[in-house]
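Biologist: Before we begin, please show the sequence and the structure. I should then like to put several questions about helix packing and the ligand surroundings.

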Amino acid sequence: MANDLSPDVLLDMYYRMALARALDDRMWILNRQGRAPVVYSSNGHEGVQVGSAFALDRGRDWVVPYYRDLALVVALGMTPREVMLHLLARAEDPNSGGRQMPAHWGHKRLHILTTGSVVTTQMLHAAGLAMAAKARGEDWVAVAYFGEGSTSQGEFHEAMNFASVLKLPVIYVNENNGYAISVPARKQMAVLDVAARAAGYGMPGVIVDGNDPIKVYEVMREAVERARRGDGPTLIEAKTYRFVPHSSDDDDRAYRTREEVQEHKKRDPLVLFERTLREQGILDDQKLDALKQRIRAEVDDATEYAEKAPEPDPSTLTRHVYFEG
Ligand SMILES: Cc1ncc(C[n+]2csc(CCOP(=O)(O)OP(=O)(O)O)c2C)c(N)n1
Ligand SMILES: [Mg+2]
């Protein structure tokens with residue numbers, strides 16, 4: 001399968017993966033300094049998130065992320081300032097005006113549907129969006145992202161079933177990192193692959209190397225085309241790994257060895273992609289240095305901007321909670 005990605009687009013992909021990693025690193029520092037309440041990372045998942053986003057018509061297709069999806073929202077166009085405004089719950093945060101807890105993404109202009117804390121409900125929300133596209137006769141698609149732990153929950157099965165029965169233009173992207181917080185996948189599912197579950201609903205289930213953004217882009221492209229054609233949903237399982245604890249409140253030493261983490265780091269999507277781009281002559285030391293400097297400046301600017309930004313006015317506390325004539 002050939003991809004149609006130009007060198008500029010490939011560089012942009014790399015930039016967004018690296019930017020998300022740098023934002024994530026900064027968020028952990030802010031948390032450890034007591035300046036940010038909690039962090040949920042995309043660290044390790046950048047390949048699946050950015051690769052799949054680039055196969056979408058960004059800004060037109062609708063995306064329903066989950067808390068792990070920082071690199072995804074960056075790929076969809078969320079700026080570093082917007083990310084930091086959200087982390088620090090500032091009034092100007094486009095995600096929720098500082099109302100939702102960190103990593104509860106949502107951006108009207110970018111067509112990112114607001115995130116709920118109850119995992120897997122986003123799969124039904126995406127099915128609902130896809131029903132709307134179909135009812136209106138419009139050719140945009142909906143996408144939901146979720147972890148493998150979430151596939152043991154009822155909503156996964158309800159969403160998959162009706163998406164398939166109704167042939168909805170929806171793509172389900174599973175980010176399989178092998179753990180639901182401390183629970184390894186083998187303790188909560190009796191099959192090895194999430195993709196195997198697709199057969200039970202009569203839709204294609206595709207396994208892809210989530211650490212390779214190009215491979216993810218290719219399978220996602222095919223799933224998007226299938227959905228736009230009216231041929232129905234696809235389940236994509238991207239095998240990946242998270243390199244950091246579940247959140248800044250978790251200690252992963254309690255359930256996985258350092259050796260295991262180190263072993264997976266050999267397949268860090270950012271490092272692998274850098275190598276690929278160097279081999280193709282798209283990236284060299286000079287370009288990489290310039291990119292790193294640009295990212296550093298953007299992360300610094302975003303941090304400073306968000307820290308100085310005003311908090312929401314307490315008198316607006318109940319906005320969006322109760323009806324306001
Ligand atoms: C219905 C529900 N049950 C439990 C939780 C608590 N919880 C938050 S994240 C999580 C683990 C989800 O794991 P997975 O789906 O594999 O995603 P990952 O974090 O590994 O990307 C759990 C149990 C929740 N938010 N909602
Ligand atoms: Mg998981």
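Biologist: In which sense, left-handed or right-handed, does α1 pass α10?

Modeller: Please note that this is a predicted model. Helix α1 covers residues 7–32, and helix α10 covers residues 285–308. Their axes lie 10 Å apart. The crossing of α1 past α10 is right-handed.

Biologist: Are α1 and α10 parallel or oblique to each other?

Modeller: The two helices pack at an angle of about 45 degrees. An angle under 35 degrees would count as roughly parallel, and the range from 65 to 115 as roughly perpendicular. The angle falls in neither class, and α1 and α10 are therefore oblique.

Biologist: How many nonpolar residues take part in the contact of α1 with α10?

Modeller: From α1, the contact draws on Y15, A18, L19, A22, L23 and R26. From α10, L291, I295, E298, V299 and T303 take part. By class, one residue is polar and two are charged, while the number of nonpolar residues is eight.

Biologist: Is A18 buried or exposed?

Modeller: A18 is placed in helix α1. Within 10 Å, A18 has 22 C-beta neighbours. The cut-off for burial is 20 or more, so A18 counts as buried.

Biologist: Which residues does A18 contact, leaving aside its neighbours within four places in sequence?

Modeller: The C-alpha atoms of A18 and K292 are separated by 8.2 Å, although these residues stand 274 residues apart along the chain. As for contacts beyond four places in sequence, the partners of A18 are L270, L291 and I295.

Biologist: Turning to another helix pair, how do α2 and α7 stand to each other, oblique or parallel?

Modeller: Helix α2 spans residues 46–53 and helix α7 spans residues 213–229. Their axes come within 7 Å and cross at roughly 45 degrees. That crossing angle makes the relation of α2 to α7 oblique.

Biologist: How many charged residues does the contact of α2 with α7 have?

Modeller: On the α2 side are G47, V48, V50, G51 and S52, which meet P213, I214, V216, Y217 and M220 of α7. By class, seven of the contact residues are nonpolar and three are polar; of charged residues there are no examples.

Biologist: Which elements give two or more residues to the shell around ligand 1?

Modeller: There are 15 residues around ligand 1, and V119, G147, G149, S150 and A180 come nearest. The shell divides into six nonpolar, six polar and three charged residues. The elements that supply two or more residues are β2 (142–147) and β4 (179–180).

Key. Residues are numbered from 1 along each chain as its sequence is written. Chains are lettered from A and ligands numbered from 1 in the order in which they are written. This is a predicted model: local features need pLDDT of at least 70, side-chain atom pairs count only at pLDDT 80 or more; totals for chains, interfaces and linings use all residues. Axes are lines fitted to C-alpha atoms, for helices over the stretch in contact, and angles run from 0 to 180 degrees between N-to-C directions. Helices (H or I, at least four residues) and strands (E, at least two) are DSSP runs, numbered from the N terminus. Angles under 35 degrees count as roughly parallel, over 145 as roughly antiparallel, 65 to 115 as roughly perpendicular and the rest as oblique. Two residues are in contact if their C-beta atoms, placed from the backbone, lie within 7 Å. Ala, Val, Leu, Ile, Met, Phe, Trp, Tyr, Cys and Pro count as nonpolar, Asp, Glu, Lys and Arg as charged, and the others, Gly among them, as polar. A residue is near a molecule or strand if its C-beta atom, placed from the backbone, lies within 6 Å of it. A residue is buried if 20 or more other C-beta atoms lie within 10 Å of its own, exposed if 12 or fewer, and partly exposed in between; C-beta atoms are placed from the backbone. A crossing is left-handed if the near helix is turned anticlockwise from the far one by less than a right angle, and right-handed if clockwise.
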